[in-house]
Amino acid sequence: MKRSAWAWVVAASVALAALPFVLRLDGRAHGDSLQFLGRFHPTLLHLPIGLIVLVPVLEIAGAKRAALREAADFVLRVALVLALPTFALGYMLAYGAGDAGGTVTRHVWGAVVLCIGLMLCIVVRPAWVAGEKKMVYPASLSVSLLALLWTGHQGGSITHGSGYLTQYAPRPLRMLIPGASAEDAGGNSFYALHIHPTLDAKCVSCHGSGSAKAGLRLDTYDDLMKGGKDGTVVVAGKPEASMLLARVTLQPGDPHFMPAEGRTPLTSEEIGWIRAWIGAGASATATSVPGVKIANVEAEPPPQPVGDYSALVPEIAQMQHGLGAKLVPVSAKASDGMILRTVDVSSSFGDAQLAEFKKFAPYIVEAELGRTAVTDASFDTLKTFTHLRALHLEGTAVTGSGLSKLSSLTQLRYLNLSGTKVTAQSVEALKKMPQLRHVYLFNTAAEGDGTTARSTP
Ligand code: HEC
């Protein structure tokens with residue numbers, strides 16, 4: 001019995017390890033039906049992962065409760081029974097889609113080691129339970145768990161891009177993780193701050209070290225400039241002649257539209273960056289690109305906390321009762337401020353009603369005045385809302401005269417003037433407010449004016 005179990009393990013291990021040599025992952029695609037099945041790999045894989053992680057938990061808890069230790073053996077076997085088809089589906093996915101490259105190779109070999117490790121665990125465990133060969137099973141299990149961690153990480157890099165886990169890590173942490181700060185390599189250049197992160201988030205899963213569709217890698221500047229199987233994709237100074245831009249600006253239904261396969265498309269802001277950057281010469285080091293004015297998000301100061309308004313709460317409640325409009329706390333923290341809401345009373349809420357809120361002005365961070373009866377006269381009130389971050393004036397009668405009064409609101413980031421009577425001339429004042437990052441002028445005479453370029457260049 002024992003000997004035949006070993007024979008099985010050896011035979012299966014040889015078969016697994018031989019697979020990558022027999023069915024080579026050379027980057028050629030091999031058919032859609034393989035991919036159809038293969039795409040169940042990302043769904044199925046969570047089952048064996050969960051079970052494998054459960055095994056050491058059961059073994060440790062089993063020191064006290066024998067039933068759990070017995071369950072460990074069962075869980076281990078089920079994990080293997082699920083891991084093998086997961087492996088097979090993953091291989092079909094890569095083979096079918098023509099995925100290749102370093103990350104894919106590491107992922108495959110990690111999985112081979114994991115499957116062999118699980119088989120070993122099953123055959124050496126009885127001896128461990130019997131109190132013989134005390135280290136062999138724990139060692140096999142540890143190797144399997146490490147292989148699981150490593151394989152999972154490689155797999156994550158294939159689907160999400162290598163920077164996925166570290167992209168939003170706090171800066172000091174990112175500095176410590178090797179490779180994670182790759183995007184900082186170019187320092188403060190426009191490429192490093194805007195182009196690289198965009199391509200990294202939306203393209204590198206298919207055009208990176210893990211897989212280079214069409215021979216194109218977009219994960220480093222040099223690779224981007226080298227281009228793909230059809231030649232260069234960036235023609236410096238000529239955005240309209242650059243395939244990189246062409247592929248992301250096709251109609252979304254076009255078979256050549258990028259990112260392929262329905263992945264999250266680039267935003268118009270990101271497309272604007274790419275167009276402007278190529279137009280300005282596609283430099284790796286230039287820190288600014290004419291025509292694009294964007295504050296470095298990381299350098300943007302966090303919003304100023306507002307003062308504590310808790311003492312005013314009874315007064316606020318009383319006043320809202322009279323006016324109908326509401327002051328709603330942003331969060332349980334008073335320093336996050338309050339939102340002025342008018343939705344239920346909009347038509348009867350005008351300049352006089354807004355003026356009543358002056359008393360609470362420094363605690364209001366957002367004013368939802370869309371479709372109310374406020375007019376330009378309210379800019380005098382609004383300029384006292386010193387902590388205002390967002391202002392909704394869409395659908396009101398404001399013409400924009402007096403907009404310049406808002407220029408003292410250093411915290412204001414969002415201003416919606418869609419559907420108002422503002423003119424190209426009256427919104428001129430906004431150009432002197434660099435802190436404003438999102439200005440909406442849809443359905444106004446000023447639509448298409450340069451100021452909108454801040455949110456959609
Ligand atoms: C889901 C995988 C996938 C994603 C994500 C993806 N691509 Fe592609 N890309 C492909 C495939 C497959 C091809 C080859 C088929 C084709 O040319 O349409 C390709 C081809 C290209 C080509 C043509 C290269 C050449 O030399 O022929 C460009 C340019 C390109 N992609 C740019 C991008 C950009 C930019 C992004 C991110 C916005 C992106 N791709 C995201 C799969 C992807």
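A polar contact here means a pair of N or O atoms within 3.5 Å. That's worth having in hand for this predicted model, where a ligand carrying an iron atom takes two protein donors, H207 and M258. In all, 23 residues surround that ligand.

**Polar contacts to the ligand**
- The side chain of H256 puts an N or O atom 3.1 Å from an oxygen atom of the ligand, so the pair falls inside the 3.5 Å cut-off.
- R247 also reaches a ligand oxygen, with a polar side-chain atom 2.9 Å away.
- For D230, the gap between a polar side-chain atom and an oxygen of the ligand is 2.6 Å.

**The iron site**
- On the protein side, iron is held by NE2 of H207 and SD of M258, at 2.0 to 2.2 Å.
- These two come from distant parts of the chain, 51 residues apart: H207 sits in the loop between α9 (190–202) and α10 (221–226), and M258 in the loop between α11 and α12 (268–279).
- Six donor atoms surround the iron, and because their angles run from 87 to 179°, the arrangement is octahedral.
- For reference, ideal octahedral angles are 90 or 180 degrees.

**Buried or not**
- H207 counts as buried, because its relative accessible area is 9%, under the 20% cut-off.
- M258 is partly exposed, at 22% relative accessibility.

**The rest of the shell**
- C203, C206, H207, D230 and M258 are the closest residues to the ligand.
- Helix α11 (residues 243–248) supplies the largest share of the shell, with four residues.
- Sorted by class, the shell has 13 nonpolar, seven charged and three polar residues.

Notes
Residues are numbered from 1 along each chain as its sequence is written. This is a predicted model: local features need pLDDT of at least 70, side-chain atom pairs count only at pLDDT 80 or more; totals for chains, interfaces and linings use all residues. Side-chain values use heavy atoms; hydrogens and water are left out. A residue is near a molecule or strand if one of its heavy atoms lies within 4 Å of it. A polar contact is a pair of N or O atoms within 3.5 Å; within protein, one must be able to donate a hydrogen and the other to accept it, and residues adjacent in sequence count only if both atoms are side-chain atoms. Ala, Val, Leu, Ile, Met, Phe, Trp, Tyr, Cys and Pro count as nonpolar, Asp, Glu, Lys and Arg as charged, and the others, Gly among them, as polar. Donors are N, O and S atoms within 2.8 Å of the metal (3.2 Å for Na, K and Ca); water is not among the atoms, so sites may look incomplete. Four donors count as tetrahedral if all angles lie between 85 and 135 degrees; four count as square planar and six as octahedral if opposite donors are over 155 degrees apart and all others between 65 and 115; anything else is irregular. Buried means under 20% relative accessible area, exposed over 50%, partly exposed in between (1.4 Å probe, protein chains only).
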